[in-house]
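I opened the notebook to record what I looked up in this structure, entry by entry. The sequence and the structure come before my notes.

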Amino acid sequence: MGKDFNNKVHLFAPLKIRGINLKNRIAVSPMCQYSSQNDGHPEDWHLVHLGSRAVGGAGLVFSEATAVNPEGRISPWDLGIWSDEHIPSFSRITHFIKSQNSVPGIQIAHAGRKASRETPWNNGGEIRKENGGWQTVGPSPLSFSEEDSVPKELTKQEINQIIEDFTKAAERSIHAGFEVIELHFAHGYLVCEFMSPLSNIRTDEFGGELENRIKLPIEICNQVRKVVPSKTPLFVRISADEYVKNGWDLEQSIYLSIKLKEVGVDLIDCSSGGNSFYQKLDSKPGYQVNFAKEIRLKSKILTGAVGLITDPEQADEIIQNEEADLVLLGRELLRNPYWPMYAEKTLNKCSSWPDQYLRVDE
Ligand SMILES: Cc1cc2nc3c(=O)[nH]c(=O)nc-3n(C[C@H](O)[C@H](O)[C@H](O)COP(=O)(O)O)c2cc1C
C-alpha cells in the first residue's frame, strides 16, 4: 500500500511514525497568526484557520510556534501553552482536526532574543519595554541586529527553567489532544541561538565547541521524550544552514540529527536561516530540499522538506526520490487550503473531499 507501479512511495502514501498514522505526506507548516487577544489562548480564528486546512486534506496540521513561557512569544499576540488553563482552548481545535481524519500537531517554541516584536503587518519592529514589551533573553548578550536591544544572558538556573518549560508545554500539548510534537529549534529563536557559534559565545558548558552548543537541544528532547507517550512522534525543526561564514551549517546539522535520534527524536523538519541579520539566502523552488535529503541519508532519520513547494508533481517527486518522508507547505496552503484535494486529483485522478463537499466533482 502507498507504492506506485515502480514500487516507489508517493505523496499520498500513508506514513506511520510510532503509533500515529498520517493519511498522506502533506503537512501544514507551522505559521504564526499573531492573533491571540488573550494571553496565548487560541481564538475562533485559529480554529477556522487550522480547521480549514484539515478539511482541505492535509494529513498533519501544525499549530503555529506556541510559546512555552510568556517571554518566549515573538509578539504579545502569539499562541502560548505555558499554563494548564490553555489546555481546553486548544482541545476544541485538536478535536475538530481529528474529526476530519487529520492529525493535529503543535510546534512549541521560545523566541529568545527575537521576542517582543510587533506584528509583521505593523513592521515587525521590536516593542521596547517602555512600550509594553519585555526583556529578551539569549545565550549571550548579542543583539540580532544593531537596532535591537541586547538580550539578557541566561544563567544556568534559567536554562534549566527553560528546559522545564519545554517539558511542561509538551505534557500539556498531549493533554490538549495533540498527537505530534515539534520543537522549534530553527530560525534564530532561542535554541537555534544556542546552537550557532555566532550567537552563542558562552564560556560555560553550554558554549564553545559543538558538543556544548548542542547540549540544550539534546537535553530538551531528552526531557520531552520522557513525558510524552511512546506512541507520540517527536519532530525537531532546525535551520540546517545559517548562510554565514563560520556559522551553523549542514555538517553540524547532520551530527546534531544523529544525536537527536539517539534521544528519541523521529523526524527532522529541515528549514534554514533566520539567525543572522547578515545571511545570504537565495530562495528558489525547493531551496531547502537538499538539506532534508542529506540529513535523511547521513543521519538515517526521517526528514521533512519545506520551502517553496507549491506544485503537486514537485511534492510527489521529493517523496518518490526519497529526498524526504514528508513535505510541509506554508504559503501555498494559505493561498489554497484545498491544495491536497487538487494535488490528489492531479496525481491520482481522484480526490477525497468531505461528504459535505462531494458535489464539487459533479
Ligand atoms: C505567515 C507565516 C508564519 C510563519 N510562522 C512560522 C512559525 O510559527 N514557525 C515556523 O517554524 N515557521 C514559520 N514560518 C515559516 C513556514 O513554516 C515555512 O517554513 C516557510 O514559509 C517556507 O515554506 P513555504 O515556502 O511553503 O511558505 C512562517 C511562515 C509564514 C508565511
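Which residues does W353 touch, not counting residues up to four places away in sequence? I looked this up before anything else, keeping in mind that I am working from a predicted model, and I found M341, L358, V360 and D361 as the contacts of W353.

**Entry on W353.** I located W353 in the segment after α11. I counted 18 other C-beta atoms within 10 Å of W353, and because a residue needs 20 or more to be called buried, W353 is noted as partly exposed. I also checked W353 against S63, and these two are 290 residues apart in sequence and 22 Å apart in space, C-alpha to C-alpha.

**Entry on α9 and α11.** I then turned to how α11 (residues 339-348) is placed against α9 (residues 312-320), and I noted that their axes come within 9 Å and cross at roughly 75°. That angle makes α9 roughly perpendicular to α11. On the α9 side I listed P312, A315 and D316, which meet A343, T346 and L347 of α11. By class I wrote down 4 nonpolar residues, 1 polar and 1 charged for this contact.

**Entry on the nonpolar core.** I looked up the largest nonpolar core, which has 89 residues, and I noted I108, I181 and V327 as those with the most contacts inside it. For V327 I wrote out the contacts beyond four places in sequence, and they are R25, I26, A305, I309, A315, I318 and I319. A315 therefore appears twice in my notes, as a contact of V327 and as one of the α9 residues that meet α11.

**Entry on the ligand.** Which residues come nearest to the ligand, of the 20 around it? I found S29, M31, A65, G330 and R331. The elements that give two or more residues to this shell are β4 (60-67) and α10 (331-335). Sorting the shell by class, I recorded 9 nonpolar, 7 polar and 4 charged residues.

**Entry on two positive phi values.** I looked at K300, whose phi is near 50°, a positive value in a residue other than glycine, and I placed K300 in the loop between α8 (289-299) and β11 (302-306). K300 has 10 other C-beta atoms within 10 Å, so I list K300 as exposed. I made a similar note for E322, where phi is near 60°, again positive in a residue other than glycine. E322 sits in the loop between α9 and β12 (326-329), and with 13 other C-beta atoms within 10 Å I list E322 as partly exposed.

**Entry on P151.** Is P151 buried or exposed? I found P151 to be buried, since 24 other C-beta atoms lie within 10 Å. I placed P151 in the loop between β6 (137-138) and β7 (152-153), and, leaving aside neighbours within four places in sequence, I recorded its contacts as G112, R113, T136, V137, G138, P141 and S143. For a distant pair I checked P151 with D44, which are 107 residues apart in sequence and 34 Å apart in space, C-alpha to C-alpha.

**Entry on P197.** I found P197 in the loop between α4 (190-195) and α5 (210-213), where P197 is partly exposed, with 16 other C-beta atoms within 10 Å. Not counting residues up to four places away in sequence, P197 touches R213, N246 and G247. I also noted that P197 and W248, 51 residues apart in sequence, are 7.0 Å apart in space, C-alpha to C-alpha.

**Entry on S89.** I closed with S89, which is found in helix α2 (residues 86-99) and counts as partly exposed, with 19 C-beta neighbours inside 10 Å. Leaving aside neighbours within four places in sequence, I recorded H41 and P42 as the contacts of S89. The C-alpha atoms of S89 and L47 are separated by 9.6 Å, and these residues are 42 apart along the chain.

Key: Residues are numbered from 1 along each chain as its sequence is written. This is a predicted model: local features need pLDDT of at least 70, side-chain atom pairs count only at pLDDT 80 or more; totals for chains, interfaces and linings use all residues. A nonpolar core is a set of buried Ala, Val, Leu, Ile, Met, Phe, Trp, Tyr and Cys residues joined through C-beta atoms within 7 Å. A residue is buried if 20 or more other C-beta atoms lie within 10 Å of its own, exposed if 12 or fewer, and partly exposed in between; C-beta atoms are placed from the backbone. Two residues are in contact if their C-beta atoms, placed from the backbone, lie within 7 Å. Axes are lines fitted to C-alpha atoms, for helices over the stretch in contact, and angles run from 0 to 180 degrees between N-to-C directions. Helices (H or I, at least four residues) and strands (E, at least two) are DSSP runs, numbered from the N terminus. Angles under 35 degrees count as roughly parallel, over 145 as roughly antiparallel, 65 to 115 as roughly perpendicular and the rest as oblique. Ala, Val, Leu, Ile, Met, Phe, Trp, Tyr, Cys and Pro count as nonpolar, Asp, Glu, Lys and Arg as charged, and the others, Gly among them, as polar. A residue is near a molecule or strand if its C-beta atom, placed from the backbone, lies within 6 Å of it.
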